[in-house]
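Me: Could you take me through the strand pairing and the nonpolar packing of this model, giving the cut-offs as you go?

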Amino acid sequence: METGIAMRKIFAALLSAVCLICLGLAAACAKEPEYFTLIYAEQAGITYDFGEIKSGAEIKKGFEVTFKVAFDEALEGDEPAVMANETELEANEDGVYSFVMNEDTNISVIGVFMPDKYEVAFDAGNAATGENHKEYRVWYYDLEGNELTGVEGLIYNGGEKVSFTLKVSVYYSESDYKVAAGTLILEPDENGVYSFDVYGDTRVTIEGLEEDLGFTARDNGGAGTAENPYKIEKPIDLYYMADLVGNSFYSGRFASAYYRLEADIDMKGEQLYIIGDRPTDDSISMFF
């Protein structure tokens with residue numbers, strides 16, 4: 001009797017164990033499989049062949065994805081690198097790339113580009129005021145000495161390097177200014193050459209230019225009398241003289257004033273207006 005009871009207990013325990021194992025297997029089988037998103041972005045000159053797998057498809061975790069890539073002959077740059085997120089993939093002898101889906105994956109190609117055409121313009125205006133001065137100018141030149149200022153329709157390939165030099169009018173002060181290609185601030189090399197790579201339509205501008213102070217705006221610029229003549233020492237002073245002497249608004253005040261040249265002045269090719277070219281019959285009796 002006791003032996004029979006013991007056997008029944010053992011059988012019941014074995015049956016319970018088997019049921020627990022079955023329940024565990026059933027739970028494992030009932031668990032939803034994981035899926036991840038596969039993206040391969042369109043790139044000019046790059047063609048992907050993933051068969052029936054479309055970009056944006058949900059791929060089961062652990063699935064091995066295989067594909068091929070075709071490269072347009074017009075592509076430029078270094079050797080192309082096929083990337084699965086941050087990992088570079090290597091093709092087999094048949095040109096097939098492969099990887100296992102274990103996370104959301106973005107396929108891309110780096111190191112090459114299709115040379116699109118973009119327009120570059122060199123703006124001669126003063127970006128600080130939004131004005132274009134005929135007498136206050138900046139000049140841009142390519143490395144062969146050809147002027148680029150205001151030239152329309154300058155076309156460059158995508159990725160092409162543009163290099164130029166800059167000449168600023170002597171009528172501007174020597175304060176700091178910035179040269180920009182679009183939003184990119186440029187710095188000159190030791191030879192004064194600015195460079196940038198073209199990746200879109202670009203306008204080159206110069207920002208922060210400030211008009212130099214003429215003698216009437218300087219504390220030490222003089223008073224125009226014999227004892228304290230106006231002091232002419234910079235290009236902007238000659239510009240002021242031409243403007244003030246020939247302006248009837250001042251009723252001949254500057255046309256009859258005293259001036260003294262304080263230094264040799266190099267106009268560096270800038271335009272200088274005639275001093276004393278008056279539109280009135282008033283006489284000029286300035287002392288210099």
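Reply: Contact here means heavy atoms within 4.5 Å. This is a predicted model, in which local features need pLDDT of at least 70 and side-chain atom pairs count only at pLDDT 80 or more, whereas totals for chains, interfaces and linings use all residues. Residues are numbered from 1 along each chain as its sequence is written, and side-chain values use heavy atoms, with hydrogens and water left out.

Me: In β16, which residue is the bridge partner of Phe122?

Reply: Strands are DSSP runs of E with at least two residues, numbered from the N terminus, and two of them pair if DSSP finds at least two bridges between them. Strand β9 (residues 117-122) runs parallel to β16 (residues 202-207) over three bridges, while β13 (residues 178-181) pairs with β16 in the antiparallel sense over four bridges. Ala181 stands opposite Val204 in β16, and the β16 partner of Phe122 is likewise Val204.

Me: Which element gives the largest share of the largest nonpolar core?

Reply: Such a core is a set of buried Ala, Val, Leu, Ile, Met, Phe, Trp, Tyr and Cys residues joined through side-chain atoms within 4.5 Å, where buried means under 20% relative accessible area with a 1.4 Å probe, protein chains only. Among its 22 residues, Phe122, Tyr140, Phe164, Phe196 and Val204 touch the most other members. Leaving aside neighbours within four places in sequence, the contacts of Val204 include Phe122, Tyr140, Phe164 and Phe196. The largest share, four residues, comes from β12.

Definitions and conventions:
Buried means under 20% relative accessible area, exposed over 50%, partly exposed in between (1.4 Å probe, protein chains only).
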